[in-house]
There are 2 protein chains.
Amino acid sequence: MAVYTDVSDKDLADLARAYDMGDLLSCKGIAEGVENSNFLLRTTTASFILTLYEKRVDSKDLPFFLGLMEHLAGRGIPCPTPVKTRAGDTLTTIAGRPAALITFLDGVSVKLAGPRHCLGLGETLAKMHLAARDFAGVRKNTLSVGDWRGVFERARDGAETVRPGLTRDIGSELDRLEKDWPAGLPQGVIHADLFPDNVFFLNDRLSGIIDFYFACQDAFAYDIAICLNAWCFERDGSFNITKARALLSAYETVRRLEDAEYEALPLLARGAAMRFFVTRLYDWLNTPPGALVKPKDPLEYVRRLQFHRDVKTSREYGLDR
Amino acid sequence: MAVYTDVSDKDLADLARAYDMGDLLSCKGIAEGVENSNFLLRTTTASFILTLYEKRVDSKDLPFFLGLMEHLAGRGIPCPTPVKTRAGDTLTTIAGRPAALITFLDGVSVKLAGPRHCLGLGETLAKMHLAARDFAGVRKNTLSVGDWRGVFERARDGAETVRPGLTRDIGSELDRLEKDWPAGLPQGVIHADLFPDNVFFLNDRLSGIIDFYFACQDAFAYDIAICLNAWCFERDGSFNITKARALLSAYETVRRLEDAEYEALPLLARGAAMRFFVTRLYDWLNTPPGALVKPKDPLEYVRRLQFHRDVKTSREYGLDR
């Protein structure tokens with residue numbers, strides 16, 4: 001939930017001057033996204049999301065994110081399109097912050113996805129991977145295998161309070177991941193944070209993908225591995241192979257995985273679990289007790305990591321070869 | 001900013017079953033109101049606000065609040081109208097909480113109101129007072145003159161840390177207010193929390209009044225006194241008599257103040273300043289340091305109280321008699 005920066009009367013007047021967007025009918029701060037301040041604007045012509053970028057987003061990455069959305073939307077991927085200012089820019093300044101106005105997408109995110117949602121996800125994920133192939137922007141993944149140990153080290157002192165023995169377990173897992181992390185897999189622009197709250201559905205059909213603020217160059221199969229973690233586990237921690245099969249088979253209707261990707265998927269899924277474990281652990285230990293944002297339990301991802309460690313082949317994810 | 005309760009897939013399905021509201025297009029938690037969780041819903045037929053009432057609102061008061069909105073909206077006051085469930089109720093249960101679906105009002109609240117806004121406010125305030133005269137509901141003001149000392153006592157230990165000498169000053173002011181508080185003024189249903197964030201404008205014309213969750217029976221002039229405090233001071237603490245005159249003269253075009261109200265206004269304004277001072281002081285001292293909701297400076301209202309204490313007659317508010 002996030003509205004870190006307030007929008008003043010003058011900011012709204014600046015906005016109306018900057019964009020050809022119709023007359024403002026309403027402006028509500030919305031509780032979405034944890035990195036930025038977001039407002040839902042309705043005008044006489046359309047609805048928009050106004051995003052003010054806060055400190056956690058590196059402003060030099062913004063042209064990449066906005067350019068990517070524009071590129072994907074132009075190729076039929078249902079994602080928000082940045083609206084250009086009267087001067088032709090997608091990036092502006094509101095309330096002293098870098099800001100962008102993007103189109104509003106209808107749809108509702110599901111809290112607990114079913115196989116039908118995973119079908120839509122897999123298909124759109126593959127289409128997105130292909131659609132971004134001719135996007136010129138470049139952004140390194142700053143939360144890749146070489147970065148996880150650093151995040152973990154900063155949370156290390158608190159790790160044992162979360163679960164005794166965690167420091168040793170994670171340390172040896174990091175050793176393994178760093179040693180064996182696959183190289184040379186098909187690469188391109190990936191979303192890298194495609195959790196259910198970033199995907200909208202209308203009547204169980206995928207209607208939108210949002211929040212491209214972790215997008216970067218990395219292995220396509222790593223994006224799939226993130227989705228396996230984010231979409232295919234039940235609340236009780238069990239893995240739902242029906243959902244995974246739906247996700248993977250739908251992906252393959254658009255883009256067939258190469259053998260190397262098939263082989264690498266269990267290890268990539270371990271890595272993806274590690275990536276969300278280390279950042280959740282850091283947030284868990286660094287969120288003040290009274291904050292309205294409740295941090296997510298990091299141990300959930302230790303359990304997922306353990307699941308993937310026991311997976312021998314991608315057949316156990318429902319991927320038949 | 002407030003989304004205390006999450007709405008699940010099942011809650012949204014329950015909602016669609018409970019109301020004849022069209023197909024859901026989107027649902028966003030919004031950062032508005034500090035007592036309840038609010039969601040902006042768009043459906044194929046309209047936009048709505050879904051409010052889940054949290055613990056700070058006494059659920060036995062809800063029929064009063066919802067009935068009042070329905071009553072006022074039916075008499076042309078621009079306020080949200082509760083939507084009835086298919087069973088004909090305005091109150092339902094969503095996510096285990098009392099909940100209501102209300103119509104969405106266009107408009108934007110102003111951060112710094114000008115005289116034109118105060119004109120619209122005064123006129124609508126008077127119309128609202130008259131429109132509620134035949135409303136049958138009854139709710140005692142639970143934050144009236146007899147209640148302020150109790151709130152202050154609970155914050156007393158911290159008061160001296162906010163400003164040395166505050167305990168003594170506020171104590172003697174409470175003595176005076178309790179002794180001299182006017183009785184017998186014209187009464188009815190008042191809004192009791194009509195701050196700029198609860199009033200919407202479109203092109204400087206008042207388009208909506210929201211948040212009736214402090215509404216109660218009390219003196220009409222006390223509601224005016226609250227507005228004088230909430231709308232007529234500048235950021236630097238100075239009193240803007242042009243705004244006050246606009247507010248009061250517009251009010252009197254609809255409902256002329258009786259002599260007793262004219263006489264009582266300075267004291268009522270002191271009381272209104274005290275009412276917001278004590279609750280702000282309490283929140284100031286009881287908000288955890290890391291919370292996203294930043295408490296408002298209580299001393300602002302001590303300065304307003306001091307201003308009203310120096311007012312000899314309502315002429316100093318721009319009210320000519």
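In the next few minutes I will go through a few helices and two loop residues of this structure, which is a predicted model.

Let me begin with helix 5 of chain A, which covers residues 166-180. At 1.5 Å a residue, its 15 residues should span 21 Å, and the C-alpha atoms at its ends are indeed 21 Å apart, so expectation and model agree. Which residues of this helix are buried? They are L166(A), I170(A), E173(A) and L177(A), and, if you look down the axis of helix 5 of chain A, these buried residues fall within an arc of 65 degrees, so they line one face of the helix. Please note that a glutamate, E173(A), is listed among the buried residues. On the face turned away from that buried side, helix 5 of chain A carries the exposed residues R168(A), S172(A), D175(A) and K179(A). As for what covers the buried residues, the cover includes helix 4 (148-162), helix 8 (259-286) and helix 9 (299-309) of chain A.

Two of those covering helices also pack against each other, and I would like to turn to that pair. The axes of helix 8 and helix 9 of chain A come within 8 Å and cross at roughly 165 degrees, which makes helix 8 of chain A roughly antiparallel to helix 9 of chain A. On the side of helix 8 of chain A, the residues that make the contact include P266(A), A269(A), A273(A), F276(A) and F277(A), while helix 9 of chain A contributes, among others, Y301(A), V302(A), L305(A) and H308(A). The crossing of these two helices is left-handed.

Moving to chain B, we can look at helix 9 there, residues 299-309, in which Y301(B), V302(B), R304(B), L305(B), F307(B) and H308(B) are buried. The elements covering these buried residues include helix 5 (166-180), helix 6 (220-231) and helix 8 (259-286) of chain B.

Finally, I come to the two loop residues, one from each chain. In chain A, A95(A) lies in the loop between strand 4 (92-94) and strand 5 (97-103), and its phi is near 55 degrees, a positive value in a residue other than glycine. With 17 other C-beta atoms within 10 Å, A95(A) is partly exposed. In chain B, N203(B) sits in the loop between strand 7 (199-202) and strand 8 (205-209), and although N203(B) is not a glycine, its phi is positive, at about 50 degrees. Is N203(B) buried or exposed? N203(B) is exposed, since 9 other C-beta atoms lie within 10 Å.

Definitions and conventions
Residues numbered from 1 in each chain as written. Chains lettered and ligands numbered in written order. Predicted model: local features only at pLDDT ≥ 70, side-chain atom pairs only at ≥ 80, totals over all residues. Helix = DSSP H or I, 4+ residues; strand = E, 2+ residues; numbered from the N terminus. Expected span 1.5 Å × (residues − 1). Buried ≥ 20, exposed ≤ 12 C-beta atoms within 10 Å, placed from the backbone. Arc of directions from axis to C-beta. Contact = placed C-beta atoms within 7 Å. Axes fitted to C-alpha atoms, helices over the stretch in contact; angles between N-to-C directions. Parallel < 35°, antiparallel > 145°, perpendicular 65-115°, else oblique. Left-handed = near helix turned anticlockwise from the far one by under 90°.
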